[in-house]
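The exercises below ask the reader to work from a sequence and its model towards a description of the fold, its helix packing and its local geometry. Each task is followed by a solution that goes step by step.

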Amino acid sequence: MKLTSLTSVVSLLVLSLTLGGCSSPMVKSNADQEFPLPVTANNPAFIFPISLHGVPGDNLETGLAISSGALSEYGASVISGQQLYSTVGNLSWTLGENMRRQVNKDEMEMTGSAAKYAAELDSKMKMLTGKLKSAGVIKDPNYNFKYVVVLHVDSASGMQIPFVKKVTAFGGVMDLETNKIVSYIEKDITLSESAVLAQMPVEMNKIIAELLNPTKA
């Protein structure tokens, strides 16, 4: 079999498995929070710029595809800040790691050593919100985001298959008013190197849905 044919077969197999939802996510939610989260066009949630470690292809292009997918799925009820990634760098990685540590300790609040990262998120969000208002994305000059979706994607451990990449997405929704983790998810994603731009928006939309309403995930 020719290399190109083999690549195509593997890509189609992985794409069918991924779109079929073969990966079961680990989802946790704050017992004090009611779901679904009340996000609307008038009260949108914000997707913090996502760092995409280990994802094949061009991260800028993939990030913008994720943003377009979120817009298509959620309309104005979710606003992506991916185009502003250069202003925050890998903060989503640091935040995601600290959210993971807190959740693993059954703590749904960014306290202790995690508090400084919650403060950094608050500072960055003030800056990002200002940029979105200046650009006209947010019309209300007094609007401030309450819910922020913070996600990081990293390489997953284990045996790798040619033309296929396994990554893990983890993170959750932060309530900026309380510094509490509203919901958290950790999910393995199997990517075909030739279908990343098609797969990642679909997978991230599934994750966002699970975070906004984990009781139905």
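## Exercise 1: Two helices that pack

The crossing of α2 and α5 is right-handed. The model is a predicted one, and the geometry discussed here is computed from it.

**Task.** Describe how the axes of helix α2 and helix α5 cross, and state which residues make the contact.

**Solution.** Two packed helices are described by the angle between their axes and the distance between the axes. As a first step, take the two elements, helix α2 with residues 59-74 and helix α5 with residues 196-212, whose axes come within 8 Å and cross at roughly 50°. That angle makes α2 oblique to α5, because angles under 35 degrees count as roughly parallel and those from 65 to 115 as roughly perpendicular. The next step is to list the residues: α2 contributes Glu61, Thr62, Ala65, Ile66, Gly69, Ala70, Glu73 and Tyr74, while α5 contributes Val196, Leu197, Met200, Pro201, Met204, Asn205, Ile208, Ala209 and Leu212. Sorted by class, this contact of α2 with α5 holds 12 nonpolar, 3 polar and 2 charged residues.

## Exercise 2: Another helix pair

**Task.** Give the crossing angle and the handedness for helix α3 and helix α4, and then sort the residues of their contact by class.

**Solution.** Helix α3 spans residues 91-104 and helix α4 spans residues 115-134; their axes come within 10 Å and cross at roughly 140°. The crossing in which α3 passes α4 is left-handed. On the side of α3 the contact involves Leu91, Thr94, Leu95 and Asn98, and these meet Tyr117, Ala118, Glu120, Leu121 and Lys124 of α4. Dividing the residues of this contact of α3 with α4 by class gives 5 nonpolar, 2 polar and 2 charged.

Helix α3 also holds Arg100, whose side chain forms a polar contact of 3.2 Å with that of Glu186. With residues up to four places away in sequence left out, Arg100 touches Thr168, Phe170, Tyr184 and Glu186.

## Exercise 3: The surroundings of Ser51 and Leu151

**Task.** Is Ser51 buried or exposed, and which side chains form polar contacts with the side chain of Ser51?

**Solution.** Begin with the location: Ser51 belongs to strand β3, residues 51-52. Its relative accessibility is 0%, and therefore Ser51 counts as buried, the cut-off being under 20%. The side chain of Ser51 is joined to that of Ser92 by a polar contact of 2.7 Å, and to that of His152 by a polar contact of 2.5 Å. Neighbours within four places in sequence aside, the residues in contact with Ser51 are Tyr85, Asn90, Ser92, Trp93, Leu151, His152 and Val153.

From this list one can go on to Leu151, which lies in strand β5, residues 147-155, and which counts as buried because its relative accessibility is 1%. Beyond residues up to four places away in sequence, Leu151 touches Ile50, Ser51, Ser92, Phe170, Gly171, Gly172, Ile185, Met204, Ile207 and Leu211. The C-alpha atoms of Leu151 and Ile208 are separated by 9.4 Å, although these residues are 57 residues apart along the chain.

## Exercise 4: Backbone geometry

**Task.** Which residues are joined by a cis peptide bond, and where do Phe163 and Asn179, each with a positive phi, lie?

**Solution.** Most residues other than glycine have a negative phi, and most peptide bonds are trans. The cis bond joins Phe35 and Pro36, with omega about -5°, and Pro36 is located in the loop between β1 (26-29) and β2 (45-47). Phe163, with phi of about 70°, is found in the loop between β5 and β6, and its relative accessibility of 22% means that Phe163 counts as partly exposed. Asn179, with phi near 60°, sits in the loop between β6 and β7 and is likewise partly exposed, at 27%.

## Exercise 5: The protein as a whole

**Task.** How many helices and strands does the protein have, and in what order do the elements run?

**Solution.** Counting gives 5 helices and 7 strands, which from the N terminus on run α-β-β-β-α-β-α-α-β-β-β-α. Of the 217 residues, 47% count as buried. Among contacts between residues at least 6 apart in sequence, 72% join residues at least 24 apart.

How values were computed. Residues are numbered from 1 along each chain as its sequence is written. This is a predicted model: local features need pLDDT of at least 70, side-chain atom pairs count only at pLDDT 80 or more; totals for chains, interfaces and linings use all residues. Side-chain values use heavy atoms; hydrogens and water are left out. Axes are lines fitted to C-alpha atoms, for helices over the stretch in contact, and angles run from 0 to 180 degrees between N-to-C directions. Helices (H or I, at least four residues) and strands (E, at least two) are DSSP runs, numbered from the N terminus. Angles under 35 degrees count as roughly parallel, over 145 as roughly antiparallel, 65 to 115 as roughly perpendicular and the rest as oblique. A crossing is left-handed if the near helix is turned anticlockwise from the far one by less than a right angle, and right-handed if clockwise. Contact means heavy atoms within 4.5 Å. Ala, Val, Leu, Ile, Met, Phe, Trp, Tyr, Cys and Pro count as nonpolar, Asp, Glu, Lys and Arg as charged, and the others, Gly among them, as polar. Buried means under 20% relative accessible area, exposed over 50%, partly exposed in between (1.4 Å probe, protein chains only). A polar contact is a pair of N or O atoms within 3.5 Å; within protein, one must be able to donate a hydrogen and the other to accept it, and residues adjacent in sequence count only if both atoms are side-chain atoms.
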